[in-house]
Amino acid sequence: MTFLVNDYGRPFASAAAFGNKFAGWCNAAGLKPVLCDDGRVRNYRAHGLR
């Protein structure tokens with residue numbers, strides 16, 4: 001089963017393709033980068049959702 005689809009209604013070609021789209025959605029939503037506990041600044045990525 002496919003739950004997440006691209007702009008053309010088809011499954012994403014790869015996990016990386018979905019990750020890039022997710023990062024774009026976060027940017028479009030105006031989410032600012034995060035300062036993490038290790039002192040690094042990171043943008044939102046799908047991999048970090050847990």
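1. Let me start at valine 5, which counts as partly exposed because its relative accessibility is 39%, and partly exposed covers the range between the 20% and 50% cut-offs. Please keep in mind throughout that this is a predicted model. Valine 5 sits in the segment before H1. Setting aside neighbours within four places in sequence, valine 5 is in contact with Arg10, Pro11 and Phe12. Valine 5 can also be located relative to the helix residue phenylalanine 18: the two are 13 residues apart along the chain, and their C-alpha atoms are separated by 8.7 Å.

2. Next door in sequence is leucine 4, also found in the segment before helix H1, which spans 15-28. Leucine 4 has a relative accessibility of 49%, so it counts as partly exposed; exposed would need over 50%. On the surface, Leu4 joins Met1 and Phe3 in a nonpolar patch, and together the three have about 470 Å² of accessible area.

3. Now for the overall layout. How many helices and strands does the protein have? There are one helix and two strands, and from the N terminus on their order is α-β-β. The radius of gyration is 13 Å, whereas the globule rule gives 10 Å for 50 residues; the value is well over the rule, so the protein is more spread out than a compact globule. Taken along the principal axes, the C-alpha atoms fill a box of roughly 40 × 20 × 15 Å.

4. A few whole-protein totals go with that picture. Of the 50 residues, 14% count as buried. The protein exposes about 4,400 Å², and carbon and sulfur atoms supply 57% of that area. Among contacts with a separation of 6 or more, 17% are between residues 24 or more positions apart.

5. The aromatic residues deserve a look on your screen. Three aromatic pairs are present in the structure. In one of them, the rings of phenylalanine 18 and phenylalanine 22 have centres 6.1 Å apart and planes at 45°, so this pair is tilted. Both phenylalanine 18 and phenylalanine 22 belong to helix H1, where they are four residues apart, about one turn of the helix. Are these two residues, phenylalanine 18 and phenylalanine 22, buried or exposed? Both are buried. Phenylalanine 18 also pairs with tryptophan 25: the ring centres are 6.1 Å apart and the planes stand at 70°, so the pair is edge-to-face.

6. Taking the aromatic residues as a group, Phe12, Phe18, Phe22 and Trp25 form one cluster. Its members include the buried residues phenylalanine 18 and phenylalanine 22, while tryptophan 25 is partly exposed because its relative accessible area is 41%. Phe12 brings us back to the opening point, since this residue is also among the contacts of valine 5.

7. On to the charged side chains, where the count comes to two salt bridges. One joins lysine 21 and aspartate 7, with 3.0 Å from N to O. Why does this pair tie together separate parts of the chain? Lysine 21 lies in helix H1 and aspartate 7 in the segment before H1, so the bridge links parts that are 14 residues apart in sequence. Lysine 21 has a relative accessible area of 26%, so it is partly exposed. Aspartate 7, at 61% relative accessibility, counts as exposed.

8. In the other salt bridge, the side chains of arginine 42 and aspartate 38 meet at 2.9 Å, N to O. Arginine 42 is partly exposed, with a relative accessible area of 31%. Aspartate 38 is partly exposed as well, at 47%.

9. Finally, have a look at valine 34, in strand E1, which covers residues 34-35. Valine 34 counts as partly exposed because its relative accessibility is 32%. Not counting residues up to four places away in sequence, valine 34 touches Arg40, Val41, Arg42 and Tyr44. One of these, Arg42, also takes part in the salt bridge with aspartate 38. As for tyrosine 44, it is 10 residues from valine 34 in sequence and 7.8 Å away in space, C-alpha to C-alpha.

Definitions and conventions
Residues numbered from 1 in each chain as written. Predicted model: local features only at pLDDT ≥ 70, side-chain atom pairs only at ≥ 80, totals over all residues. Heavy atoms only, no water. Patch = residues over 30% accessible without salt bridge, like charges linked within 9 Å, V, L, I, M, F, W, Y side chains within 5 Å. Areas by Shrake-Rupley, 256 points an atom, 1.4 Å probe, with all protein chains shown as cover. Salt bridge = Lys/Arg side-chain N within 4 Å of Asp/Glu carboxyl O. Buried < 20%, exposed > 50% of the residue type's maximum accessible area, 1.4 Å probe, protein only. Phe/Tyr/Trp six-rings, centres within 6.5 Å; stacked < 30°, edge-to-face > 60°. Rg over C-alpha atoms; globule rule 2.2 N^0.38 Å. Contact = heavy atoms within 4.5 Å.
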